[in-house]
Amino acid sequence: MLVVEDEPSIADLLRLYLSREGFGVHVERDGRGGLAAARSLKPVAVVLDVGLSEMDGTEVCRRLRADGDWVPVLFCTARDDEIDRVLGLELGADDYITKPFSPREVVARVKAVVRRADGPSASPLLELGRVVVDRDAHKVRVDGQEVELTATEFDLLVHLMRHPGRVLSREQLLSEVWGYAAVVGTRTVDVHVAQVRAKLGDASPIRTVRGVGYSAEAVAAG
Ligand code: CA
């Protein structure tokens with residue numbers, strides 16, 4: 001857990017409460033240090049003060065998102081105009097909390113953002129409609145029946161199911177699932193989607209969004 005907070009008394013309290021919950025806590029006092037620590041330490045979540053010296057919290061978050069880093073961020077704001085900045089920039093901030101806050105409240109919110117972001121404390125099970133994916137056991141079940149997928153088909157399905165309702169382009173899926181967008185073409189994505197659909201049958205949660213890409217949506221039991 002990374003805490004970026006320039007007020008030592010608040011930083012100390014956050015460190016105390018978060019470490020009691022079993023999180024390893026690293027504290028930075030300014031925005032530039034916070035950004036560097038987020039990039040090098042890869043924390044499970046960041047508690048990020050908005051009003052910081054060197055670089056403000058919204059800029060730290062903006063730069064992380066520009067790197068493609070979607071680590072969950074809980075913003076701490078002291079004033080209404082800071083909240084407006086956090087919300088207005090659409091940084092992909094997971095949540096914000098206004099000062100003064102109780103440490104207990106911060107802990108509860110941090111745990112919620114980590115859970116939502118599918119961090120290490122989250123369940124390995126992904127469920128959508130009739131499909132259940134167990135990422136630890138690398139197994140897929142449809143209506144309780146196990147279905148065999150190849151490693152790539154599995155990764156593709158997991159990737160879509162982790163963002164239910166969100167449309168992902170073929171290019172996004174290529175770079176995020178295959179990781180070498182330049183080598184294989186987007187047709188590869190279509191081929192693998194077709195294979196997953198063939199295996200999951202009418203329970204397949206993968207929906208084609210014409211001209212855009214694919215999304216995962218729950219299919220009710222039929
Ligand atoms: Ca501050």
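Me: If two strands count as paired once DSSP finds at least two bridges between them, with which strand does β6 pair, and in which sense?

Reply: In this predicted model, β6 pairs with strand β7 (residues 131–134) in the antiparallel sense, and four bridges join them. The two strands form a hairpin with two residues between them, and in that turn G129 has a positive phi of about 60°. One of the bridges can be followed residue by residue, since L126 has V133 of β7 as its bridge partner.

Me: Where do the side chains along strand β6 point?

Reply: The general idea is that side chains in a regular strand alternate between the two faces of the sheet. In β6 (residues 125–128), L126 and L128 point to one face and are buried, whereas L125 and E127 point to the other face and are not buried.

Me: Which residues are buried in helix α7, and what do the buried residues of α7 pack against?

Reply: For a helix, one can ask where around the axis the buried residues sit. In α7 (residues 170–178) the buried residues are L173, L174, V177 and W178. They cover an arc of only 105° around the axis, and therefore they lie on the same side of α7. The buried residues of this helix pack against α6 (151–162), β10 (168–169), α8 (187–200) and β12 (213–216).

Me: Which protein donors does the calcium ion have?

Reply: With a metal, one begins with the atoms that reach it and then places them along the chain. Here the protein donors are D6 (OD), D49 (OD) and G51 (O), at 2.2 to 2.5 Å from the calcium ion, and their spacing along the chain reads D-x42-D-x1-G. Because D6 belongs to the loop between β1 (2–4) and α1 (8–20) while D49 belongs to strand β3 (residues 46–49), the pair ties together parts that are 43 residues apart in sequence.

Me: Is D49 buried or exposed?

Reply: D49 is buried, its relative accessible area being 2%, whereas D6, at 32% relative accessibility, counts as partly exposed.

Me: Where does T77 lie, and with which residues is T77 in contact?

Reply: T77 lies in strand β4 (residues 73–77), and T77 is buried, with a relative accessible area of 0%. Leaving aside neighbours within four places in sequence, T77 is in contact with V50, E82, I83, V86, Y96, I97, T98 and K99.

Me: How many aromatic pairs does the structure hold?

Reply: A pair of aromatic rings is described by the distance of the centres and the angle of the planes. The structure holds zero aromatic pairs, although R20 lies over the face of Y17, at 5.0 Å from the ring centre.

Technical notes: Residues are numbered from 1 along each chain as its sequence is written. This is a predicted model: local features need pLDDT of at least 70, side-chain atom pairs count only at pLDDT 80 or more; totals for chains, interfaces and linings use all residues. Side-chain values use heavy atoms; hydrogens and water are left out. Donors are N, O and S atoms within 2.8 Å of the metal (3.2 Å for Na, K and Ca); water is not among the atoms, so sites may look incomplete. Buried means under 20% relative accessible area, exposed over 50%, partly exposed in between (1.4 Å probe, protein chains only). Contact means heavy atoms within 4.5 Å. Two strands pair if DSSP finds at least two bridges between them. Rings of Phe, Tyr and Trp (its six-membered ring) pair if their centres lie within 6.5 Å; planes under 30 degrees apart count as stacked, over 60 as edge-to-face and the rest as tilted. A charge sits over a ring if NZ of Lys or CZ of Arg is within 6 Å of the ring centre and within 35 degrees of the ring normal. The arc is that of the directions from the helix axis to the C-beta atoms.
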